[in-house]
Structures are given as C-alpha cells and as structure tokens.
Amino acid sequence: MTTPSHLADLKDHVIICGYGPIGRTLAMNLAAAQIPFVVIDNQRQRLRLAQQSGHLFYRGDDLMDENELLAVGVDRARTVVAVLPDDASNVFITLIARRLNPNLQILAYGELPATESKLRFAGADHVVLPSSISAQRMVQLITRPTVLDFLEEKEERSHLIELLSQLDLQIEEFTLPLESSLVGLAIADVEAKGRGRFIIVAVRHQNGALVTHPPLTLPLAPGDTLIALGRAAEIKTFFRQYAHRQPIRYRGLGR
C-alpha cells in the first residue's frame with residue numbers, strides 16, 4: 001500500500017476508482033500525459049497489477065465509505081473516475097464524491113443505458129456507456145476538457161455542430177481589423193453590445209496564442225480573432241459591422 005506521505009502530496013489529481021480494463025487503460029494514458037493520479041480498489045490482485053505498473057495506489061477495503069475517498073484526497077482532487085465493475089457502486093461513489101467536493105469533475109461508467117440518468121442525478125458530469133464512448137475518450141475528457149479541444153476531433157466536432165444547428169446556433173470566427181471600434185474594449189463590453197445575441201468562447205491573439213474561456217475583462221487588440229457562439233443570423237449581422245468575417249480555420253477544424 002502507498003504510504004500516507006505520498007497521498008498527502010497529491011493535489012489537482014485524478015482518482016481512478018477501479019483498476020479493471022478501463023481503469024488500467026486510463027492509468028496508462030494519464031501516466032504518459034504526466035497527469036498525477038491515484039488508483040483505489042479493494043481487490044488485491046488488481047492492486048498488485050497497479051503496483052507492478054508503478055502506479056500510485058491505495059487499497060480501500062470499503063469503497064462505499066467516504067473516508068476511503070478522503071484518504072486519497074478527494075477534497076483536493078481535480079477529477080474522480082468511477083469505473084468499478086457494477087453500476088450501483090459507481091452511482092454510490094459518484095454521490096459521495098460530489099458531496100465531498102462540489103467542484104470535482106466526475107466521470108462515471110455505466111454498463112446499462114438505464115444507469116445514465118441515475119449517474120447524472122448523483123452528480124456525474126460525464127457518463128460513459130460501452131456503446132458510446134471508450135476508455136481513450138475518457139482520457140480526452142480529462143486531458144482536453146474545453147469545447148474547442150473537442151472540436152479538434154472530427155467525430156466530436158460533427159456531433160457538436162449537429163446539436164448546435166438544431167438550436168440555430170453556430171460557431172463563427174471574426175478577426176478584428178485595426179479600425180474596428182471593438183479594439184480596446186473588454187469582452188464583457190463586446191457581449192453587452194451584442195445584447196445577448198452571442199458569447200465569446202475563445203480568443204486567438206495575432207501571435208497564435210489561443211485563450212479558451214477568456215475572462216470578461218480581457219481587452220481586445222487589432223488582429224485578435226474572436227471565436228463566438230450565437231444565433232446564426234444575429235451573430236453575422238453584429239460582426240459584419242465591426243469585423244472581417246473569415247472561414248473557421250483554427251487547427252483541426254477542417255473536414
């Protein structure tokens with residue numbers, strides 16, 4: 001078993017509850033990405049595999065006990081992944097983890113489609129079903145959580161764009177020319193001018209740096225490209241007054 005001092009050093013880490021096939025795949029990929037994590041399980045054989053792989057682990061005799069999650073730093077963690085073999089355990093762990101840390105990202109596995117609603121009600125942010133998502137995609141949910149990162153995956157991009165179009169929403173890019181009256185304004189001021197017709201989800205500076213979830217106080221400079229989400233017709237009308245409309249060309253978005 002790992003020593004308490006090792007566990008005490010963990011912060012903003014991932015807790016993998018269950019070291020079965022999915023848990024092992026997650027651990028391998030997180031280790032490759034150098035993201036700190038700890039494995040918790042109650043089966044000696046599975047924990048022996050974790051030890052042989054050099055992964056930090058903790059034996060929890062009763063995974064339904066909130067003290068076991070506290071022992072692996074759930075109050076300091078970034079993400080909890082519940083991938084135990086039975087759905088009931090994953091629901092219960094999700095419920096406990098959400099209560100102990102409201103700010104957690106929680107990914108939970110459900111073998112049966114009917115479990116999805118239960119996991120979401122318990123507090124899961126993402127529910128993984130065998131028919132819809134793989135262990136590799138769970139890794140992406142941890143390592144690449146922003147919408148724009150998902151847009152770099154063609155499968156996810158197509159699905160998201162389809163959902164947006166059903167709501168008459170779309171993502172547009174606009175580059176601010178030097179003479180634009182939006183230059184120098186904060187994002188909050190630009191959105192206020194738009195009167196709720198769109199939100200700015202990212203800004204790419206002229207040097208290529210991409211800022212996702214930009215703060216509302218971020219000032220805009222000439223050459224900044226605004227990535228905005230809004231109603232199809234309204235967003236075009238607004239930016240036609242202030243910016244040169246360009247095709248969406250940020251990395252990975254081409255068909």
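These legends accompany a set of close-up views of one predicted model.

**View 1. The whole chain, before we zoom in.**
Welcome to the predicted model, a chain whose secondary structure amounts to 11 helices and 11 strands. Of its 255 residues, 45% are buried. If you like contact maps, take the contacts between residues at least 6 apart in sequence: 62% of these join residues at least 24 apart. The chain has an accessible surface of about 13200 Å², and carbon and sulfur atoms account for 53% of that area.

**View 2. Helix α2, end to end.**
Here is helix α2, which covers residues 21-32. A quick check on its geometry is easy to follow: with 12 residues and 1.5 Å a residue, the helix should span 16 Å, and the C-alpha atoms at its ends lie 17 Å apart, so the two values agree. The buried residues of α2 are Gly-23, Leu-26, Ala-27, Asn-29 and Leu-30. When you look at how such positions are spaced, keep in mind that an α-helix has 3.6 residues a turn, so residues three or four places apart point the same way.

**View 3. Gln-34, in the loop after α2.**
Moving on along the chain, α2 is followed by Gln-34, which sits in the loop between α2 and β2 (37-41). Its backbone deserves a look: phi of Gln-34 is positive, near 60°, and the residue is not a glycine. For context, most residues other than glycine have a negative phi. Gln-34 has a relative accessibility of 71%, and because that is over 50% the residue counts as exposed.

**View 4. Asp-12, in the loop between α1 and β1.**
Another positive phi awaits you here, with Asp-12 at a value near 55° in a residue other than glycine. Asp-12 belongs to the loop that links α1 (4-8) and β1 (14-17). Is Asp-12 buried, partly exposed or exposed? Its relative accessible area is 47%, between the 20% and 50% cut-offs, so Asp-12 is partly exposed.

**View 5. Thr-79 and its side-chain partner.**
Our last stop is strand β4 (residues 79-82), where Thr-79 is found. Thr-79 has a relative accessible area of 0%, which is under 20% and therefore makes the residue buried. Which residue does the side chain of Thr-79 meet in a polar contact? The partner is Gln-105, with the two side chains joined by a polar contact of 2.8 Å.

How values were computed:
Residues numbered from 1 in each chain as written. Predicted model: local features only at pLDDT ≥ 70, side-chain atom pairs only at ≥ 80, totals over all residues. Heavy atoms only, no water. Helix = DSSP H or I, 4+ residues; strand = E, 2+ residues; numbered from the N terminus. Expected span 1.5 Å × (residues − 1). Buried < 20%, exposed > 50% of the residue type's maximum accessible area, 1.4 Å probe, protein only. Polar contact = N/O pair within 3.5 Å; in protein donor to acceptor, adjacent residues only side chain to side chain. Contact = heavy atoms within 4.5 Å. Areas by Shrake-Rupley, 256 points an atom, 1.4 Å probe, with all protein chains shown as cover.
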